[in-house]
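The following exercises introduce the reader to a structure through short tasks, each followed by a worked solution. Please keep the sequence and the model in view while working through them.

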There are 2 protein chains.
Amino acid sequence: MGNRTERLLAIKNLITNNKISSQEELLLLLEKMGLHFTQATLSRDLKFLKVNKIADPEKGYIYELPDMHGGINEVAEHYAAQGFTSIQFAHHLGVIKTMPGYAPGIAALIDTANPFEIVGTIAGDDTILIIPHNNVSERDVLSALVLIIPELKDKLT
Amino acid sequence: MGNRTERLLAIKNLITNNKISSQEELLLLLEKMGLHFTQATLSRDLKFLKVNKIADPEKGYIYELPDMHGGINEVAEHYAAQGFTSIQFAHHLGVIKTMPGYAPGIAALIDTANPFEIVGTIAGDDTILIIPHNNVSERDVLSALVLIIPELKDKLT
DNA sequence: TTCCCATTTGTATAATTATTCATTAACCAT
DNA sequence: ATGGTTAATGAATAATTATACAAATGGGAA
């Protein structure tokens, strides 16, 4: 259902952009966005998205998406952004063009992040085929890519 | 107290080497090792160590230490192991010798891992000063380093 | 059109974890 | 030796999360 996909995306965005310390708090934020469902459903969604609950000095605990930490990954992300040339969609599939030799590395980065929007990727030398999940729009895929490689934001406008 | 440090190290090692899905399960494993304390204390320890609880297809949920994922970090860890030459202790401080130019990168890797055994590091070009936490032995520091850079295990024997 | 199956979701509650409050112990200064 | 402070821990329970069970919905096949 489109509803579920919409909900999952909203959850990812809220967790990315806010420090949230409980499912109750997250439910309230989602309701403000017009999304209504129960704590049980949210618990299943967080499990599906493999969200972490981690200690935070400011709020006690906060939720985090997998691989949100900077550090070493920032190097890989920069490399990916450098090699990325363009993305287009055909028949709902995404086709990323890269500079020669960059495709495998960028595909590996996407695979490591394991976003629910993307079922899988196939990489050549300078091309990556992106296979979106059911009910996931082109815009959703682009959002997911920006979460993985923030520097792409400028290139996808 | 020595007890607390011992307990924290045991917790880290158990989580690193086992798939553990609840604090009750972890408590039982610790009791088998001769360490006895309550769930309340364990909860505080997991918070202190910033342990994640993450979804796992096999066990429902498992605990994970920060930065346990492979992927990109394995490259950095290999780089670090390659450049590491030796470690010695003086006045409880650890002094790591590296190949020229490697020290800053290795120190950054240690800092990113943020192990509770180590208060901080100071890196030159081919030397890293390791400042251990109170009540942390030289052996504890070596254990922490092996958790961060597993390939060091052979070099520290 | 009907039936079957799979998936999703809610309700209720079981399971699990986090924290308040109190106690104890260690350390340091006097 | 004593008193004060800080930290650690346990008991109890509050808070939070996960799931069993049932119901509803949608899709596909006959």
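## Exercise 1: A residue of helix 1

L14(A) lies in helix 1 of chain A. The model is a predicted one.

**Task.** Determine whether L14(A) counts as buried, exposed or partly exposed, and state which residues L14(A) is in contact with, leaving aside its neighbours within four places in sequence.

**Solution.**
- Step 1. Count the C-beta neighbours of L14(A) inside 10 Å: there are 18.
- Step 2. Apply the cut-offs: a buried residue has 20 or more such neighbours, and an exposed one has 12 or fewer. L14(A) therefore counts as partly exposed, with its 18 neighbours.
- Step 3. Set aside the neighbours within four places in sequence; L14(A) is then in contact with I20(A), L26(A), L29(A) and L30(A).
- Step 4. Consider L30(A) in particular: L14(A) and L30(A) are 16 residues apart along the chain, and their C-alpha atoms are separated by 8.2 Å.

## Exercise 2: The two domains of chain A

**Task.** State into which domains chain A is divided, and describe the contact between them.

**Solution.**
- Step 1. Chain A comprises domain 1 (2-64) and domain 2 (72-154).
- Step 2. The centres of these two domains of chain A, taken over C-alpha atoms, are separated by 24 Å.
- Step 3. Domain 1 of chain A contributes 8 residues to the contact, and domain 2 of chain A contributes 6 residues.
- Step 4. On the side of domain 1 of chain A that touches domain 2 of chain A, helix 1 of chain A gives the most, with 6 residues.
- Step 5. By class, that side of domain 1 of chain A has 4 nonpolar, 3 polar and 1 charged residues.

## Exercise 3: The surfaces near the DNA strands

**Task.** For DNA strand D, identify the closest residues and the element that gives the most to the surface near this strand. Then do likewise for DNA strand C.

**Solution.**
- Step 1. DNA strand D is surrounded by 20 residues, of which Q23(A), A40(A), S43(A), F37(B) and T41(B) are the closest.
- Step 2. Two or more residues of this surface come from each of helix 2 (23-32) and helix 3 (39-48) of chain A, and from each of helix 1 (2-17), helix 3 (39-48) and strand 2 (60-64) of chain B.
- Step 3. Helix 3 of chain A gives the most to the surface near DNA strand D, namely 6 residues.
- Step 4. The surface near DNA strand D divides into 6 nonpolar, 8 polar and 6 charged residues.
- Step 5. Turn to DNA strand C, which has 20 residues around it; F37(A), A40(A), T41(A), Q23(B) and A40(B) come nearest.
- Step 6. At least two residues each are supplied to the surface near DNA strand C by helix 1 (2-17), helix 3 and strand 2 (60-64) of chain A, and by helix 2 (23-32) and helix 3 of chain B.
- Step 7. Here helix 3 of chain B gives the most, with 6 residues. The classes of the surface near DNA strand C are 6 nonpolar, 8 polar and 6 charged.

## Exercise 4: The sheet of chain B

**Task.** Give the strand order of the open sheet in chain B, name its edge strands, and identify the helix that packs on the sheet.

**Solution.**
- Step 1. The open sheet of chain B has 4 strands in the order 3-4-6-5, with antiparallel pairing.
- Step 2. Strand 3 (84-90) and strand 5 (118-123) of chain B each pair on one side only, and they are the edge strands.
- Step 3. From one strand to the next, the twist averages 20°.
- Step 4. Strand 3 and strand 4 (residues 93-98) of chain B are paired over 6 bridges in the antiparallel sense; S86(B) stands opposite K97(B) in strand 4 of chain B.
- Step 5. Helix 5 (residues 103-113) of chain B packs on the sheet and touches strand 3, strand 4, strand 5 and strand 6 (127-132) of chain B. The direction of helix 5 of chain B makes about 165° with that of strand 5 of chain B.

## Exercise 5: A backbone angle in chain A

**Task.** Locate K50(A) and state what is notable about its phi.

**Solution.**
- Step 1. K50(A) occupies the loop between helix 3 and strand 1 (52-56) of chain A.
- Step 2. Most residues other than glycine have a negative phi.
- Step 3. K50(A) is not a glycine, yet its phi is positive, at about 55°.
- Step 4. K50(A) counts as partly exposed because it has 15 C-beta neighbours inside 10 Å.

Definitions and conventions:
Residues numbered from 1 in each chain as written. Chains lettered and ligands numbered in written order. Predicted model: local features only at pLDDT ≥ 70, side-chain atom pairs only at ≥ 80, totals over all residues. Near = placed C-beta within 6 Å. Nonpolar A, V, L, I, M, F, W, Y, C, P; charged D, E, K, R; others polar. Contact = placed C-beta atoms within 7 Å. Pairing = 2+ DSSP bridges. Axes fitted to C-alpha atoms, helices over the stretch in contact; angles between N-to-C directions. Domains from an automatic or database assignment.
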